[in-house]
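Work through these exercises with the structure open beside you. Try each task before reading its solution.

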Amino acid sequence: MDIILLPGLWLDGSVWEPVLGPLREALHRPFPLTLPGQGAATSGAAPAAAAASLDDQLEAALAPIDAADDRVLVVGHSAASTLAWMVADRRVDDVAAVVMIGGMPAPEGEAYAGFAPVSDGVSVFPGWEAFAGPDSDDLDAGARAWLEARMHPVPESVTRAPVHYTDPRRHEVPVAMVCPEYSPEDARQWLAAGDLPELEPVRDLRFVDLDSGHWPMASAPQQLAGVIAGVAADLG
């Protein structure tokens, strides 16, 4: 199965490198994307961060789906869980399922990544202190340096762009919510409390526990690849 891998905020597509081998060994075809404004420039634009928009990122994420011969699995990490859900919304007949790793889709009309600090028109990774605790406790100095080498400033035109959905049939697309730094029980409580409005109507919603922090591609790539491959296998 074709698997589209969307990196979370600040990260480029190379962050998925540790999971590619295991996914290929499971006979899948992973496609890690570097998104405009996160290491890739829009057409004719320089610098990338100054020109990219959320629409540019969505267009980049839709391209491999439109080129695929069959339905695909879309995987989004962190903030890109929203981008993955937007992709499912725009291509509901072409997306077999969505995997959301350490993230949940923003509600209609809210900012794509309103939590991210912005200065001089861009959002820069705020440092590890902002993610102290369960998010990063599993990352040693080498893993943190590896991640930092793959981080880029992201334009405000991405992080502050309002999210819009167009097709209510998106809620028919199966969703696997992978829970790394929090537990499936935490996620179920958020759902019951109304904190995940985009997921409430999803007919096929599962919660998958993953013993890692917020960046499992760096700290637990084999386990993460196993979770993704497991979702793909369940799709037949």
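**Exercise 1. In which loop does Ser78 lie? Find the loop, then describe the residue.**

The model is predicted, so local features need pLDDT of at least 70 and side-chain atom pairs count only at pLDDT 80 or more, while totals for chains, interfaces and linings use all residues. Residues are numbered from 1 along each chain as its sequence is written, and side-chain values use heavy atoms, with hydrogens and water left out.

Step 1. Ser78 lies in the loop between strand 3 and helix 4 (helices are DSSP runs of H or I with at least four residues, strands are runs of E with at least two, numbered from the N terminus).

Step 2. Check the backbone. Phi of Ser78 is near 55°, a positive value in a residue other than glycine.

Step 3. Check the exposure. Ser78 has a relative accessible area of 15%, so it is buried (under 20%; exposed is over 50%, partly exposed in between; 1.4 Å probe, protein chains only).

**Exercise 2. Is Leu27 buried or exposed? Place it as well.**

Step 1. Leu27 sits in the loop between helix 1 and strand 2.

Step 2. Its phi is near 70°, again a positive value in a residue other than glycine.

Step 3. The relative accessible area of Leu27 is 71%, so Leu27 is exposed.

**Exercise 3. Which strands does strand 1 join by bridges? Trace its surroundings.**

Step 1. Start with burial. Five of the five residues of strand 1 (residues 2–6) are buried, so the strand is largely enclosed by the rest of the structure.

Step 2. Split the strand by face. Asp2, Ile4 and Leu6 are buried on one side, and Ile3 and Leu5 are buried on the other.

Step 3. Find one neighbour. Strand 1 runs parallel to strand 2 (residues 29–32), and four bridges join them (strands pair if DSSP finds at least two bridges between them). Asp2 has Arg29 as its bridge partner in strand 2.

Step 4. Find another neighbour. Four bridges also join strand 1 to strand 3 (residues 72–77), again in parallel. Here Ile4 stands opposite Val74.

Step 5. Follow the chain. Strand 1, helix 1 (residues 17–25) and strand 2 make a right-handed β-α-β unit (with the strands pointing away from the viewer, the path from the first strand over the helix to the second runs clockwise).

**Exercise 4. How many residues of strand 4 are buried? Then name its partners.**

Step 1. Seven of the seven residues of strand 4 (residues 95–101) are buried.

Step 2. Strand 3 pairs with strand 4 in the parallel sense over six bridges. Val72 has Val95 as its bridge partner in strand 4.

Step 3. Between strand 3 and strand 4 the chain passes through helix 4 (residues 80–90), and this β-α-β crossover is right-handed.

Step 4. Strand 4 also pairs with strand 7 (residues 175–179), parallel, over four bridges. Val175 in strand 7 is the bridge partner of Val98.

**Exercise 5. Which residues of helix 9 are buried? Check the helix span too.**

Step 1. Helix 9 (residues 221–234) has 14 residues.

Step 2. From first C-alpha to last, helix 9 reaches 20 Å, close to the 20 Å expected (1.5 Å times one less than its number of residues).

Step 3. The buried residues in helix 9 are Leu224, Ala225, Val227, Ile228, Ala229, Val231 and Ala232.
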